[in-house]
Amino acid sequence: MRVGIGYDIHRLEKGRALILGGVHIPFEKGLLGHSDGDVLCHAVMDSLLGAAGLPDIGFWFPPGDPQFKDVYSLRLLYEVGRKIQNAGWHIVNVDTVLIAEKPRLQRFIPSIREKVAEMLSLDASRFNVKATTNEGIGELGKGEAISCYAVSLLVSED
Ligand SMILES: [Zn+2]
């Protein structure tokens with residue numbers, strides 16, 4: 001068995017759509033990035049790649065590459081899931097923590113779990129999402145950004 005950790009943070013800006021775990025969340029701001037800025041997908045991908053001993057997402061999907069401009073990160077997550085499988089790994093479970101002062105994410109968690117789990121061919125019980133605030137502290141607490149931590153556990157096929 002192998003464990004991997006992933007972390008990501010993106011700045012919130014007006015005029016961008018807010019996408020977390022591939023789910024569109026109605027809000028006045030969205031995450032800035034070369035891609036759609038989906039911090040949850042990015043953190044999950046790095047945790048999976050980390051556990052498999054593979055290079056991080058910047059290696060597979062370089063941020064300067066025009067083909068990844070505004071890309072739907074859930075699609076990249078699907079590709080990472082395939083890479084992990086092809087390398088002989090099964091996903092045991094993935095756990096995540098989203099840190100967002102606003103908006104409140106609680107009611108979107110079931111759809112995020114379902115959507116991401118489906119992309120990774122997992123039962124939703126194996127893909128967990130928790131949401132918390134930063135208690136008003138620092139940039140995250142001022143609502144200037146959203147961040148996400150992810151931990152993945154893989155088991156080898158042989
Ligand atoms: Zn990112």
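Hi everyone, this is a short tour of the zinc site, one buried aspartate and the nonpolar core in this structure. Keep in mind that we are looking at a predicted model.

Let's start with the metal. Which residues coordinate the zinc ion? They are Asp8, through OD, His10, through NE2, and His42, through ND1, at 2.0 to 2.1 Å. If you follow the chain, these donors are spaced as D-x1-H-x31-H. Asp8 and His10 are both buried. Water is not among the atoms, so the site may look incomplete.

Now on to helix α1, where you will find Asp46. Asp46 is buried, but it has no salt bridge. How far away is the nearest side chain of opposite charge? That side chain is Lys83, and it is 12 Å from Asp46. So what does Asp46 touch, beyond its neighbours within four places in sequence? Its contacts there are Ile5, Gly6, Asp56 and Ile57.

Last stop, the core. In soluble globular proteins, nonpolar side chains tend to be buried together. Here the largest nonpolar core has 44 residues. Those touching the most other members are Leu20, Leu40, Val44, Leu48, Leu77, Leu98 and Ile112. Several elements give two or more residues to this core, among them α3 (73–86), β5 (89–99) and α4 (109–119). Which element gives the most? That is α1, with 9 residues.

Take a moment to find Leu40 on the screen. Setting aside residues up to four places away in sequence, Leu40 touches Gly21, Thr96, Leu98, Ile112, Val116, Phe127, Val129 and Cys148. Thanks for listening!

Methods. Residues numbered from 1 in each chain as written. Predicted model: local features only at pLDDT ≥ 70, side-chain atom pairs only at ≥ 80, totals over all residues. Heavy atoms only, no water. Core = buried A, V, L, I, M, F, W, Y, C linked by side-chain atoms within 4.5 Å. Buried < 20%, exposed > 50% of the residue type's maximum accessible area, 1.4 Å probe, protein only. Helix = DSSP H or I, 4+ residues; strand = E, 2+ residues; numbered from the N terminus. Contact = heavy atoms within 4.5 Å. Lys, Arg positive; Asp, Glu negative; His and termini not counted. Salt bridge = Lys/Arg side-chain N within 4 Å of Asp/Glu carboxyl O. Donors = N, O, S within 2.8 Å, 3.2 Å for Na, K, Ca; no water.
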